[in-house]
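Please open the model in a viewer and keep the sequence at hand. The tour below proceeds by selections, each followed by a description of what is found there.

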Amino acid sequence: MRIAMICLGNICRSPMAAAVATKMVAQGGLADQVLVESFGTAGYHAGEPMNPGARAALKRHGWPSDGHLARRITPADARAADLLLVADHSNLADVRRLTGERDRAKIRLLRSFDPRSLPADLEVPDPWGGSPADFDHALDLIEAACVGLVEHLASELL
Ligand code: 4NP
């Protein structure tokens, strides 16, 4: 099972989501069944490491933050994934444009996996250029969603 975490630049939200989900997948005993990757819909930062604010937030929250290099999602990446989890509605529209009709059912807002999220509030707000508190808030939302995501995966795979 391949999961693609997707935001705009692939330097803040989706790499944080991939770091959190990868660790939770391992803690849930699913590491040999689930691969979590991350992508951006834009290539502005392709080849760059994670944004320092995102790395710092991951460190504050006790998650690993090494080894990320940003990349832009391609149609082949989207086809290869089983779930395309986007951070906001703008990413949703961009990924829908990238995929064929058949792959559209695989696209979901990441926060739709948070059982406490509300249908009118399903975005992970973009923390790029924001304060440490903005990054912490985005990461809090990502963590809550990833708990629900991994419960969903466990129910499907275990
Ligand atoms: P991300 O944040 O989509 O969470 O990685 C952003 C990173 C870069 C830009 C926008 C958002 N940018 O416009 O370069």
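## A tour by selection

Begin with D103, which is buried, with a relative accessible area of 12%. This is a predicted model. Next, add K106 to the selection; K106 is likewise buried, at a relative accessible area of 14%. The side chains of K106 and D103 meet in a salt bridge, with N and O 3.1 Å apart.

**Further salt bridges**

The structure holds 10 salt bridges. Select D126 and R13 for another of them, in which the N to O distance is 3.8 Å. D126 lies in the loop between β4 (107–109) and α5 (132–157) while R13 belongs to helix α1, so this pair ties together parts that are 113 residues apart in sequence. Are these two residues buried or exposed? D126 has 42% relative accessibility and counts as partly exposed. R13, at 4%, counts as buried.

Now select D121 and R111, which form a salt bridge whose closest N and O atoms are 3.4 Å apart. Both D121 and R111 are in the loop between β4 and α5, and 10 residues separate them. D121 counts as partly exposed at 42% relative accessibility, whereas R111 counts as buried at 6%.

To finish with the charged residues, select R2, E37 and R71 together; a network of salt bridges links them.

**The nonpolar cores**

Which residues have the most contacts inside the largest nonpolar core? Select I3, M5, M16, I142 and L149, which hold that place in a core of 37 residues. The elements that give two or more residues to this core are β1 (2–7), α1, α2 (52–60), β3 (83–86) and α5. Colouring α5 shows the largest share of the core, 9 residues.

Keep M16 in view and display its surroundings. Leaving aside residues up to four places away in sequence, M16 touches A54, A57, L58, F135, A138, L139 and I142. Apart from the largest core lies another core, of 12 residues; select F39, A81, V86 and V95, which are among them.

**The largest pocket**

Turn next to the largest pocket, which has a volume of about 240 Å³. It is lined by 16 residues, and the closest to its centre are P15, A18, A19, D66 and H68. Select α1 (13–27) and β2 (35–40), the elements that give two or more residues to the lining of this pocket. Which of the elements gives the most? That element is α1, with 5 residues. By class, the lining of the largest pocket divides into 7 nonpolar, 5 polar and 4 charged residues.

**The cavity**

How many cavities of 30 Å³ or more are there? The count comes to 1. About 50 Å³ of space lies in the largest cavity. To display its lining, select M5, I6, R13, S14, A17, L85, A87, L110, V124 and I142. The elements that give two or more residues to this lining are β1 and α1, and the largest share, 3 residues, comes from α1. The lining of the largest cavity has 8 nonpolar, 1 polar and 1 charged residues.

**A last selection**

End the tour on residues already met. R13 lines the largest cavity and also takes part in the salt bridge with D126. M5 and I142 line the largest cavity, and both are named among the residues with the most contacts inside the largest nonpolar core.

Definitions and conventions:
Residues numbered from 1 in each chain as written. Predicted model: local features only at pLDDT ≥ 70, side-chain atom pairs only at ≥ 80, totals over all residues. Heavy atoms only, no water. 1 Å grid on protein atoms, 1.4 Å probe; cavity = no way out; pocket = protein on both sides within 12 Å on 5 of 7 lines; lining within 4 Å. Points joined across faces, edges and corners; volume = space filled by probe spheres on them. Helix = DSSP H or I, 4+ residues; strand = E, 2+ residues; numbered from the N terminus. Nonpolar A, V, L, I, M, F, W, Y, C, P; charged D, E, K, R; others polar. Salt bridge = Lys/Arg side-chain N within 4 Å of Asp/Glu carboxyl O. Buried < 20%, exposed > 50% of the residue type's maximum accessible area, 1.4 Å probe, protein only. Core = buried A, V, L, I, M, F, W, Y, C linked by side-chain atoms within 4.5 Å. Contact = heavy atoms within 4.5 Å.
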